[in-house]
Amino acid sequence: SSRSLVFEYQARLKCLQGTADILFTGENRYLSEPSLFPYEFLVVLRLVQLLRLREHSVPPFVAELQDLLEQLTGQRLSSVFSDAREDPDLAGAEYPWRTGLAQLNTFRVSQVPVRRSELRRLPRGCPLDIVRGLEAILREYSALNMWEEEKGEHSTHVTKRSTKDAQRLEALAARRSVLLALVLNHLCYFQPKTVTLEDSPQGLQLRLGLSLEFLSAAAELLNQRHLLGLRSGRDFAKTLLTTDEEDSHGCQFHWGTRSGAVGILRVTTVGNSVAFVCMNDVWVLWANCTKDTAEVLTTCSSVERYFNFDMDALSSDASKD
């Protein structure tokens, strides 16, 4: 009947309104009103807790997952999903991603709205897609006209432009937030909700540990004849796990599980090495080196341990194949 149809549409509208409220108010709504968090979060938390009780040891990503779920469901105080945050004390430190010529800023990347059209132009079907997407975004980020140089007596410092054109600067700052979200939430495997970097045209490049020169060299490497056209993890495994290390030309691939759910492609060129993570044929760049602020985000020395790769077993399996 028409009455039941009206009731159905009212129910749908109420559901959409509730969803919109959650999106606009962010994760904090779950903490201020614990009864509102989705029941599924608690179910997943219990499954993760059971897994940790059953297994003698678990990889770091499982521990991080439990930590976030406990905060999200109100099982303990949140330091990640609240607005209050403790910026790292980096005063006086000499890190490879710091020049000392610009101030440090901490940006929240977890609640930045991103249009679907933005995501569509940044596919993640193969590592070459990731490289091209990162190169485009880093070029756009460094070209944002929101900084100016202040020349002192002995040095040059980078600062934000004056607030004469506040509306334009606000639009540029919003675009910067979107670019940060596209890099860290879409193209990269990055677990934290905030990122600290120098507020300068090269601040994002330095924090990631990537240069346009490296990305260009990586694209050239991935465009080699024996790698061109490879997309899925199984494609790379079939090509690289049967190739001698001398013939791999800077690329190494490893499976993390026998089911093939997670794979890692290491690319080494121009004196730098990064890791691309393939999860069910969706590729992202490893940028989750966050435990040591003295390292750039793409430092990949611990990526296999993070996903609990058994490198000895994988090496023996590869030799048998």
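**Aromatic pairs, nonpolar cores and loop residues**

Tyr-141 and Trp-147 are both buried. They belong to a predicted model of a chain with 321 residues, of which buried residues make up 41%. The secondary structure consists of 12 helices and nine strands. The points below cover the overall fold, the aromatic rings, the nonpolar cores, one loop and the cysteines.

**Chain as a whole**

- Among contacts with a separation of 6 or more, 63% join residues that are 24 or more positions apart in the chain.
- The chain has an accessible surface of about 18600 Å², and carbon and sulfur atoms account for 52% of that surface.

**Aromatic rings**

- The model has 12 aromatic pairs, counting rings whose centres lie within 6.5 Å.
- One of these is the pair of Tyr-141 and Trp-147, with 5.8 Å from centre to centre and 40 degrees between the planes. An angle over 60 degrees would be edge-to-face and one under 30 degrees stacked, so this pair is classed as tilted.
- Phe-253 and Trp-255 form another pair, with ring centres 5.0 Å apart. Their planes stand at 85 degrees, which is over the 60 degrees required, and the pair is therefore edge-to-face.
- Both partners of that edge-to-face pair fall under the 20% cut-off for burial: Phe-253 has a relative accessible area of 3%, and Trp-255 is at 15%.
- Phe-61, Tyr-189, Trp-286, Tyr-306 and Phe-307 are linked by ring pairs into a cluster.
- Trp-97 has a charged neighbour: the charged end of Arg-207 sits over the Trp-97 ring, 4.2 Å from the ring centre.

**Nonpolar cores**

- The largest nonpolar core contains 55 residues. Within this core, the residues with the most contacts are Leu-134, Leu-208, Leu-265, Val-267 and Phe-276.
- Helix H7, spanning residues 166-187, contributes the most to this core, giving 10 residues.
- Leaving aside residues up to four places away in sequence, Phe-276 touches Pro-127, Ile-130 and Val-131, as well as Gly-263, Ile-264, Leu-265 and Val-267. The list of its contacts also includes Trp-283, Val-284 and Leu-285.
- There is a second, separate core of 12 residues, among them Ile-264, Ala-275, Val-284 and Cys-300.
- Ile-264 and Val-284 thus appear both in that second core and among the residues that Phe-276 touches.

**Loop between strands E8 and E9**

- Asn-280 lies in the loop that runs between strand E8 (272-279) and strand E9 (282-286). Asn-280 is not a glycine, yet its phi is positive, at about 50 degrees.
- With a relative accessible area of 62%, over the 50% cut-off, Asn-280 is exposed.
- Asp-281 is placed in the loop between E8 and E9. Asp-281 has a positive phi too, near 70 degrees, and is a residue other than glycine.
- The relative accessibility of Asp-281 is 42%, which lies between the 20% and 50% limits, so Asp-281 counts as partly exposed.

**Cysteines**

- The structure has zero disulfides.
- For Cys-300, the nearest cysteine sulfur belongs to Cys-289 and is 9.1 Å away. A disulfide needs two cysteine sulfur atoms within 2.5 Å, so Cys-300 is in no disulfide.
- Cys-300, a member of the second core, is buried, with a relative accessible area of 4%.
- Cys-251 is buried, with a relative accessible area of 1%.

Note on methods: Residues numbered from 1 in each chain as written. Predicted model: local features only at pLDDT ≥ 70, side-chain atom pairs only at ≥ 80, totals over all residues. Heavy atoms only, no water. Phe/Tyr/Trp six-rings, centres within 6.5 Å; stacked < 30°, edge-to-face > 60°. Buried < 20%, exposed > 50% of the residue type's maximum accessible area, 1.4 Å probe, protein only. Lys NZ or Arg CZ within 6 Å of the ring centre and 35° of its normal. Core = buried A, V, L, I, M, F, W, Y, C linked by side-chain atoms within 4.5 Å. Helix = DSSP H or I, 4+ residues; strand = E, 2+ residues; numbered from the N terminus. Contact = heavy atoms within 4.5 Å. Areas by Shrake-Rupley, 256 points an atom, 1.4 Å probe, with all protein chains shown as cover.
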